[in-house]
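Trainee: Can we go through this model together? I would like to ask about strands, cores and pockets.

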Amino acid sequence: MNKLHIVSLLVGFLYPLLVVPIVFSATLTLQIQGHENKSGQLNIAISKVKGLLTDEVQWDDLESVRKLLQDIGPEHAQQATVQLIIEDLPIGLTCIRLYLDLNNNQLLERSSIGIPLEPVGFSNNPSLFKGEPTPQDSCFLLQETANVQMVKLKQHKKRK
């Protein structure tokens, strides 16, 4: 084998390693409010945008990054804020949806017209007046450093 052949084999072997994009990871501090005096299981879905974020992008178009469950017991129910540290998330446009499963059945309870009956929250705390917000309303840029997202759980108030 000549030196040129060995060099071409090495370049052929190493080239894919050189052109593979480097994926940086980030840590997110998630602060959750609005759970006072309620116990249950917090269901958190973290997704990232694939490609461009346009008006046509829907929740189902996002790539699921992480799903987490966090028990909110009586000791948490008295706290104003529950804080979670989530590590090894990919940087980029990120959206968070969560709900507090009050009856621990792993389902978001809804009314007959689709209104959530359990507390729900989204990153950026968009208005829920027109129903579930779009990813455009909920996405934020997850960076390599200093990522804090505060989410306020909201629950539909029953009319008297």
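The questions and answers below cover a predicted model.

Trainee: Is L89 buried or exposed, and what is its relative accessible area?
Mentor: Start with its place: L89 lies in strand β4, residues 82-90. Buried means under 20% relative accessible area. L89 falls under that cut-off, so it is buried, with a value of 1%.

Trainee: Which residues does L89 contact, beyond its neighbours within four places in sequence?
Mentor: One link spans the chain: L89 and S25 are 64 residues apart along it, yet their C-alpha atoms are separated by 5.1 Å. S25 is also among the contacts of L89. The full list is F24, S25, A26, L28, I46, V65, R66 and L142.

Trainee: In which order do the three strands of the open sheet stand, and which stand at the edges?
Mentor: The pairing in this sheet is mixed, and the order is β4-β1-β8. Each edge strand has a single partner strand, so one side of each is left without a neighbour in the sheet. The edge strands are β4 and β8.

Trainee: How many bridges join β1 to β4?
Mentor: The two strands run antiparallel. One pair to look at is T29, which stands opposite I85 in β4. The number of bridges joining β1 to β4 is seven.

Trainee: Which strands pair with β5?
Mentor: Strand β2 pairs with β5 in the antiparallel sense over eight bridges; S47 stands opposite C95 there, and Q41 has D101 as its bridge partner in β5. Three bridges join β5 to β7, also antiparallel, with T94 opposite F140. Another three link β5 and β6 in the antiparallel sense, and L98 stands opposite G121 in β6. The partners are β2, β7 and β6.

Trainee: Why is β5 largely enclosed by the rest of the structure?
Mentor: Count its buried residues. Strand β5 covers residues 92-101, ten in number. It is largely enclosed because the buried ones number seven.

Trainee: How many residues of β2 are buried, and how many bridges join β2 to β3?
Mentor: β2 is mostly covered: seven of its nine residues are buried. β2 and β3 run antiparallel, and in β3 the bridge partner of N43 is L69. The number of bridges joining β2 to β3 is nine.

Trainee: Which residues have the most contacts inside the largest nonpolar core?
Mentor: That core has 19 residues. β1, β2, β4, β5 and β7 each supply at least two of them. Apart from it lies another core of nine residues, including V57, L62, C95 and V120. In the largest core, the residues with the most contacts are L30, I32, L42, I44, I96 and L98.

Trainee: What does L30 touch, leaving aside its neighbours within four places in sequence?
Mentor: L30 belongs to the largest nonpolar core. Its contacts include two other residues named for that core's most contacts, I96 and L98. The full list is I44, V82, Q83, L84, I86, I96, L98, Q149 and V151.

Trainee: Which residues lie nearest the centre of the largest pocket?
Mentor: About 820 Å³ of space lies in this pocket. Its lining has 31 residues, and the elements giving two or more are β2, β3, β5 and β6. Nearest the centre lie L108, R110, V120, F122 and E132.

Methods:
Residues numbered from 1 in each chain as written. Predicted model: local features only at pLDDT ≥ 70, side-chain atom pairs only at ≥ 80, totals over all residues. Heavy atoms only, no water. Helix = DSSP H or I, 4+ residues; strand = E, 2+ residues; numbered from the N terminus. Buried < 20%, exposed > 50% of the residue type's maximum accessible area, 1.4 Å probe, protein only. Contact = heavy atoms within 4.5 Å. Pairing = 2+ DSSP bridges. Core = buried A, V, L, I, M, F, W, Y, C linked by side-chain atoms within 4.5 Å. 1 Å grid on protein atoms, 1.4 Å probe; cavity = no way out; pocket = protein on both sides within 12 Å on 5 of 7 lines; lining within 4 Å. Points joined across faces, edges and corners; volume = space filled by probe spheres on them.
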